[in-house]
Amino acid sequence: MTTSVLDNPDRSRFEVLDDGELAGFAEYHRSEGEIAFIHTEIDARFEGRGLAGQLARTALDSAREQGLAVLPYCPFIRGWLGKHPEYTELVPGARRASFGL
């Protein structure tokens, strides 16, 4: 089984693929210097396998590499950030409280 996460800028989302099949995605909106995550979804057939976590980590690593500030409007991404404080720095300090971080 091969899992990969790819940015699909044409659809404004990161996609997680399991053996080449779309298993889920994290939609985003990009603007200058920031990326706002607005919705994450994993197909029910792929739930419980940690794919959403891989998706979140890769998307946030990509934001870090590009120097983008992260706005976690998506409840899943926001919750994932809360469990992984090493990524909290991606959210602008002045905005962390509004996201509960």
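**A guided tour, beginning at the first hairpin**

Begin by selecting residues 3-8 and residues 13-18, which are strand 1 and strand 2; the two pair in the antiparallel sense over six bridges. The model on display is a predicted one.

With both strands highlighted, select Leu6 and look across to the partner strand. Which residue of strand 2 stands opposite Leu6? The residue facing Leu6 there is Glu15.

Next, move to the turn that joins the two strands. Four residues lie between the strands of this hairpin. Select Ser12, which belongs to the loop between strand 1 and strand 2. The phi angle of Ser12 is near 55°, which is a positive value in a residue other than glycine. Is Ser12 buried, partly exposed or exposed? Ser12 counts as partly exposed, because its relative accessibility is 31% and that class covers the values between 20% and 50%.

Continue along the chain to Asp19, located in the loop between strand 2 and strand 3, the latter spanning 21-31. Asp19 also has a backbone angle to inspect: its phi is near 50°, again a positive value in a residue other than glycine. Its relative accessibility is 54%, so Asp19 counts as exposed; the cut-off for that class is over 50%.

Now release the selection and colour the whole protein chain by secondary structure. How many helices and strands does the protein chain have? Three helices and five strands make up its secondary structure. Followed along the sequence, these elements appear in the pattern β-β-β-β-α-β-α-α.

Turn the model to view its overall dimensions. Along the principal axes, the C-alpha atoms of the protein chain fill a box of roughly 40 × 25 × 20 Å. The radius of gyration of the protein chain is 13 Å, which agrees with the value near 13 Å that a compact globule of 101 residues would have.

To examine the interior, consider burial and contacts together. Of the 101 residues, 42% count as buried. Among contacts with a separation of 6 or more, 37% are between residues 24 or more positions apart.

Finally, display the surface. The accessible surface of the protein chain comes to about 5,500 Å², and carbon and sulfur atoms contribute 48% of that area. Then select the charged side chains: 11 are positive and 16 are negative. How far apart do the centres of the two sets lie? The centres of the positive and negative sets are 5 Å apart.

Definitions and conventions: Residues are numbered from 1 along each chain as its sequence is written. This is a predicted model: local features need pLDDT of at least 70, side-chain atom pairs count only at pLDDT 80 or more; totals for chains, interfaces and linings use all residues. Side-chain values use heavy atoms; hydrogens and water are left out. Two strands pair if DSSP finds at least two bridges between them. The radius of gyration is taken over C-alpha atoms; the globule rule is 2.2 Å times the number of residues to the power 0.38. Buried means under 20% relative accessible area, exposed over 50%, partly exposed in between (1.4 Å probe, protein chains only). Contact means heavy atoms within 4.5 Å. Accessible areas come from the Shrake-Rupley method with a 1.4 Å probe; for residues, only the protein chains shown count as cover. Lys and Arg count as positive and Asp and Glu as negative; His and the chain ends are not counted. The place of a charge is taken as NZ of Lys, CZ of Arg, CG of Asp or CD of Glu.
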